[in-house]
Amino acid sequence: MTIASTQTFPGPAWDELPGVTVLGSWPPEEELPSVEVLLEAVVPVGTDELRLLPDLRLVANYGVGYDNVDVAACGERGIAVTNTPGVLDAAVAELTLALMLACRRQLVASDRFVRDTRWRTGWSRPERLGHDLTGATLGLVGIGRIGSEVARRAEAFGMEVVHHRRSDGLPLDELLRTSDVVSLHVPLTAETEGLLCGGRLALLRDGATLVNTARGAIVDESALVDELVSGRISAGLDVFADEPHVPERLLDLPNVVLTPHIASATVEARAAMTRVLVDNVLAFLRGEPLPNEVSA
């Protein structure tokens, strides 16, 4: 069985896979009829790509989010799809809290302030003031595995945690109006794309902070940029609508902390993701049930 991959993946588990062919380009320049297993990350796998892999039987997605894979199209062709959930929850939660702290305490702007030799007064007469996390209300949009990890950490900081999801919690508009910090933890689907439209962003109270470590397209990016340029709110953004492109108007704003989609980018988390990826492939090769199969 031929296994192809769009890249190599970190960690010792990678060496357990037999005979992986790393593709030089994506999509392939020609049809690859012998490939039965595809390992991929952050590339589109839809109808056009599937035509180039006529014998494909498994798409093993590296990451918990698989919105780049047309799972329905795969299902129509009898192709299974897996992902790597669970092992990156702590890393994403840690970065979420880091972005909250960076925004609320103005860490990046303060670092730049010192480096630019603009510090002129002592600590008792600060030239900038941040906001406490303690006593602030954190509104979680989505409270699955990652959202729950964020909630536990936020409660340790003394935050009051509320949430919104389809089955329970506050109505979304109420959460947006009443939270000091809003953090997004939902997958990108047809239902959540553009979930935070301009009208909903306008509900955020003055001085509120939005944190997004989920997917950029969950938010109307143009409307968010307008809000941030106005200075009314702040934001910690790890994801963007058209990565790796970031709206130019954000680059010089002091009220925005920008990171390059690194929520799961720790040595430990990425190696663990590879372990899960490999376990899915090995189970497939042995004809066993797939540990992390997803459906449309």
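A residue is called buried when its relative accessible area is under 20%, exposed when it is over 50%, and partly exposed in between, using a 1.4 Å probe and protein chains only. The model on screen is predicted, so local features need pLDDT of at least 70 and side-chain atom pairs count only at pLDDT 80 or more, while totals for chains, interfaces and linings use all residues. Residues are numbered from 1 along each chain as its sequence is written, and side-chain values use heavy atoms, with hydrogens and water left out.

**First stop: the rings**

Select Phe9, which is buried with a relative accessible area of 4%. Rings of Phe, Tyr and Trp (its six-membered ring) pair if their centres lie within 6.5 Å, and planes under 30 degrees apart count as stacked, over 60 as edge-to-face and the rest as tilted. By this rule there are two aromatic pairs. Add Trp14 to the selection: its ring centre and that of Phe9 are 5.6 Å apart with the planes at 65°, so this pair is edge-to-face. Trp14 is also buried, at 14% relative accessible area.

Now add Tyr62, whose ring forms a tilted pair with Phe9, at 4.2 Å centre to centre and 35° between the planes. This pair links distant parts of the chain, 53 residues apart, with Phe9 in the loop between β1 (2–5) and β2 (20–22) and Tyr62 in the loop between β4 (58–61) and α2 (71–76). Here helices (H or I, at least four residues) and strands (E, at least two) are DSSP runs, numbered from the N terminus. Tyr62 is buried as well, with a relative accessible area of 10%.

**Second stop: the sheet**

Next, colour the open sheet of six strands, which has the order β7-β6-β8-β9-β10-β11 with parallel pairing; two strands pair if DSSP finds at least two bridges between them. At its edges are β7 and β11 (256–258), each of which pairs on one side only.

Zoom in on β6 (residues 137–141) and β7 (residues 160–164), which run parallel and are joined by five bridges. Within this pairing, Gly139 stands opposite Val162 in β7.

Finally, move to β9 (residues 209–212) and β10 (residues 234–237), which pair in the parallel sense over four bridges. What stands opposite Leu210 in β10? Showing the side chains there brings up Ala235, the residue in β10 that Leu210 stands opposite.
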